[in-house]
Amino acid sequence: MAPVVGIVANPVSARDIRRVVANATSLQIADRANILLRVLAALHACGVRDVLMMPENGGIRAHVERGLMRARGNGASRGEDIYPALHTVSMPVTGTVADTHRATAEMRRAGVSALVVLGGDGTHRAVAAECGTVPIAGISTGTNNAFPEHREPTITGLATGLAVTGRVPPHIAFAANKRIDVSLASGATGATVTEMALVDVALVTERYIGARALWRTENFRELYVTFADPEVIGMSAIAGLLEPVGRDESGGLMVRLSPDSTSRKGITTLNAPIAPGMMARVGVTDWRRMPAGVAFVPEVTAGSVALDGERELSFSERDRLSLMLRDDAFRTVNVAAVMRHAGQNRLLTGTPVPVAAVF
């Protein structure tokens, strides 16, 4: 069967409070649609003829369809078509993260070969929760984009197309990714809530969730990350500036933070980029490796849990909270490896790679 690619484009990513308190820009709907058109053109060039898209009321699809109509009109006289056919998942639209969960699950059941995701860390987390073994190709359109790598969308589309059409071996085309599972058992009801994070779990002293995005560092107490990258923005940057841990390494890093950000005995003061254009002084008391498969019980007894930069759960002294990092939890398209393989093997030229002479 010909491969079908799914698309999840979040029309409301990058609209949290960090857009107000930091020097970040907002990506307009037309810009998101233009990103999709670049991805669609690259997919078509690789032989993908059908795309299944999440429905939304933000206007992305309407802009994309206008672009498709213009292209058909311009290419009709030459008999050209540069985009795949665009189909929409049949489902109600609520304008909440439930749309992403349901659309991803529906596309997985429909048998898509990969999922192209436009959004920030929160959007990618919602997709990863439902994608199963379907690989993700992430494109950064959120506020903090630690998980999706920054890259021209055309290249992401090309890599995805080459991967799903089988022109690149799966062991090269796809990469394993980590996640942190969070379990919160209620001391009052006995019920257990489970959540996950792709990049980081932060524990803060505020129990009131309110504005979900994190930006006040004086309330940070503990941080757990799947990878620690000094080149990213957000909580992962704190860990990355202490001890870098790669995406392809087993395990992650745990950091204990202090409300006191002044340099004194037992406290390391770190100046970290926690949001675009926002540097914050953070006090660090301790950090250590977080091995995969080992349960961590936090020292913080009450507060809230932020997953990938957004507060999701609150807990009290009566509750039991534990965290565990999992290696090989889901897959992504390894864009860099795919494009390197394409270049080495001239996949986009139609010219076979010459066989090296044997002496």
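Among contacts in the protein between residues at least 6 apart in sequence, what percentage join residues at least 24 apart? In this predicted model, the figure comes to 71%. With that starting point, the overall make-up of the chain can be set out before turning to individual elements.

The secondary structure consists of nine helices and 16 strands. The protein has 359 residues, and 51% of them count as buried. About 16,000 Å² of the protein is exposed, with carbon and sulfur atoms supplying 52% of that area. The average pLDDT is 88, and 87% of the residues score at least 70. Two stretches deserve a careful eye. Over residues 14-23 the pLDDT stays under 50, although the model has 34 contacts for this stretch beyond four places in sequence. Over residues 355-359 the pLDDT is also below 50, and here the model has zero contacts beyond near neighbours in sequence.

Among the helices, α6 offers a good place to begin. Helix α6 spans residues 153-164 and includes Thr160. Is Thr160 buried or exposed? Its relative accessibility is 0%, so Thr160 counts as buried. Leaving out residues up to four places away in sequence, Thr160 touches Val5, Leu43, Ala114, Val116, Ala137 and Val333. The partners of Thr160 thus include positions such as Val5 and Val333.

Helix α6 also packs against helix α9, which covers residues 335-344. Two packed helices are described by the angle between their axes and the distance between the axes. For α6 and α9, the angle is about 75° and the axes lie 9 Å apart. Because angles of 65 to 115 degrees count as roughly perpendicular, α6 is roughly perpendicular to α9. On the α6 side, the contact is made by Ile155, Thr156, Leu158, Ala159 and Leu162; on the α9 side, Val335, Val338, Met339 and Ala342 take part. By class, eight of the residues in this contact are nonpolar and one is polar, with no charged residues.

Helix α5, made up of residues 121-128, has a setting of its own. Seven of its eight residues are buried, so α5 is largely enclosed by the rest of the structure. The buried residues of α5 are Asp121, Thr123, His124, Arg125, Ala126, Val127 and Ala128.

In helix α2, which runs over residues 29-45, His44 can be singled out. What is the relative accessibility of His44? The value is 13%, which means that His44 counts as buried. Apart from neighbours within four places in sequence, His44 is in contact with Arg49, Asp81, Ile82, Tyr83 and Pro84.

Turning to the strands, β6 covers residues 174-185 and contains Lys178. Lys178 has a relative accessibility of 6% and therefore counts as buried. Although Lys178 and Arg247 are 69 residues apart along the chain, their C-alpha atoms are separated by 7.6 Å. Ala185 also lies in β6, and at 7% relative accessibility Ala185 counts as buried. Which residues does Ala185 touch, not counting those up to four places away in sequence? They are Ala191, Thr192, Asp319 and Arg320. For Ala185 and Arg320, the separation along the chain is 135 residues, while their C-alpha atoms are 5.0 Å apart.

Backbone geometry brings two further residues into view. Asp328, a residue of strand β16 (residues 320-333), has a positive phi of about 50° although it is not a glycine. With a relative accessibility of 55%, Asp328 counts as exposed, because the cut-off for that class is over 50%. Arg346 likewise is not a glycine, and its phi is positive at about 50°. Arg346 is placed in the segment after α9. At 36% relative accessibility, Arg346 counts as partly exposed.

Notes. Residues are numbered from 1 along each chain as its sequence is written. This is a predicted model: local features need pLDDT of at least 70, side-chain atom pairs count only at pLDDT 80 or more; totals for chains, interfaces and linings use all residues. Side-chain values use heavy atoms; hydrogens and water are left out. Helices (H or I, at least four residues) and strands (E, at least two) are DSSP runs, numbered from the N terminus. Buried means under 20% relative accessible area, exposed over 50%, partly exposed in between (1.4 Å probe, protein chains only). Contact means heavy atoms within 4.5 Å. Axes are lines fitted to C-alpha atoms, for helices over the stretch in contact, and angles run from 0 to 180 degrees between N-to-C directions. Angles under 35 degrees count as roughly parallel, over 145 as roughly antiparallel, 65 to 115 as roughly perpendicular and the rest as oblique. Ala, Val, Leu, Ile, Met, Phe, Trp, Tyr, Cys and Pro count as nonpolar, Asp, Glu, Lys and Arg as charged, and the others, Gly among them, as polar. Accessible areas come from the Shrake-Rupley method with a 1.4 Å probe; for residues, only the protein chains shown count as cover. pLDDT is the predictor's confidence in each residue, from 0 to 100.
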